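Please describe how the ligand is held in the structure below, and then report on the cysteines. A careful account for a first-year student is wanted.

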Amino acid sequence: MVSNTLHPTIEVSPLIPTYKRFPITLVKGKGSYVWDEEGNEYLDFTSGIATCNLGHVPDVVKESVEEQLQALWHCSNLYHIPKQEELAAQLVKHSCGDQVFFCNSGAEANEAAIKLARRYFQKIKGGEAEIVTFTQSFHGRTMGTLSATGQENIQQGFAPLLSGFRHLPFNDFEALEQIPTQKTCAVLVELVQGEGGVIPADIRWVQRLEEICKENDLILMVDEIQTGMGRTGTLFAYEQYGIEPDVISIAKGLGSGFPIGAIIAKEKVAEAFGPGNHGSTFGGNPLSASAGLATVNHLVTSDRINEAFILGHYLKEKLEELKDEFAEIKEVRGKGLLLGMVVSCDALSIVEKAREKKVLLLTAGPNVVRILPPLTTSKQEIDSFVSILKCVFDILDRA
Ligand SMILES: Cc1ncc(COP(=O)(O)O)c(C=O)c1O
């Protein structure tokens, strides 16, 4: 703590209060569990907000990073970085994209996608470009990605936002017919809106969106920052939609907790970037690339994602059973292990009661409890989670 210079008697945190933090301090993690500084054990069904998809401190990633720690931590992108190239090759092999650009976070990945789309438009048409995004979407906190985001409450106080974004209603077929205008160069969409309330995009709506993009030579960009890396039961969520996006943005689960983000783009779009057009000091540096490579190698060579798909169904079924039992639960939705429970009460109160019972959960808006177990969870963990959740709703009913 430091003292407040205006009010020397008041102690203030040295941190700018951009987060409303829960009142626990986590100091250790392994698999699905974390421990606080008092030694309390929690079942973590948040996975660091869809980031620790392989659980906490997974051995496969730990070993790879430890080896890299002994060799070289950082070198600039002005030199070849073998693990970055290997990781790019794996991402290309297992997606519909051709080339990869690395950065450090989700917002930066979307920022790169936005810049790439604008440059592509400059090349083929020229003039000011417009990108279509959707209401309730979340694409990040930089000025560009904030402007792309479709939630006014998050944008408040940051005017002027960047121009060049048009927000259309999500999952609305009629709205799709408003695409394109003369200026439209791309569409950016989440296939399951995460922060916006765990809302899956309708499959036929997404397929119509792809058709419109193809008919009008627009770039289809999917924001897979929360849905990617096996979270929804396939490596990328787009695989379940029968589409082939031109640009895929990823981050979160890519590094198992090490900061790394990326876009994977089709060659015809990727060509719009040449040397000097975009860059990042840390993007895909040896340490984060080694974490990313170990993570992706594990996901594509093990049965982990299939297991997560099956476990996702199992958990959803169990939550549906709870819904039949408790009137407060209105809907269970989501894909794979990205699930949301719509409740008639304050979702945060459920999260807080669950934490008292040593289970960590998240919200996604005021009425949605977000459930994000690691892909490495088990049936037993899901069973014990569901029985604790049942206790929470029992307590709520008795109150
Ligand atoms: C869909 C989506 N896009 C972008 C972001 C921004 O990612 P980051 O916080 O790594 O910048 C997030 C983060 O929650 C996200 O869920």
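In this predicted model, an oxygen atom of the ligand lies 3.4 Å from an N or O atom in the side chain of Glu195, and such a pair is called a polar contact when two N or O atoms are within 3.5 Å. The table lists two further contacts, which involve the protein backbone.

| Ligand atom | Partner | Distance |
|---|---|---|
| oxygen | polar backbone atom of Gly106 | 2.8 Å |
| nitrogen | polar backbone atom of Phe138 | 3.3 Å |

Around the ligand there are 13 residues, of which Gly106, Ala107, Asp223, Gln226 and Lys252 come nearest; a residue is near a molecule if one of its heavy atoms lies within 4 Å of it.

Because the model is predicted, local features need pLDDT of at least 70 and side-chain atom pairs count only at pLDDT 80 or more, while totals for chains, interfaces and linings use all residues. Residues are numbered from 1 along each chain as its sequence is written, and side-chain values use heavy atoms, with hydrogens and water left out.

The cysteines are the next topic. A disulfide is a covalent bond between the sulfur atoms of two cysteines. Here a disulfide is taken as a pair of cysteine sulfur atoms within 2.5 Å, and by this rule the count is zero. For Cys52, the nearest cysteine sulfur belongs to Cys103 and is 18 Å away, whereas for Cys345 the nearest is that of Cys391, at 16 Å. Cys52 has a relative accessibility of 11% and therefore counts as buried, a term that means under 20% relative accessible area, computed with a 1.4 Å probe on protein chains only. Cys345, at 19%, also counts as buried.

Technical notes. Buried < 20%, exposed > 50% of the residue type's maximum accessible area, 1.4 Å probe, protein only. Polar contact = N/O pair within 3.5 Å; in protein donor to acceptor, adjacent residues only side chain to side chain.
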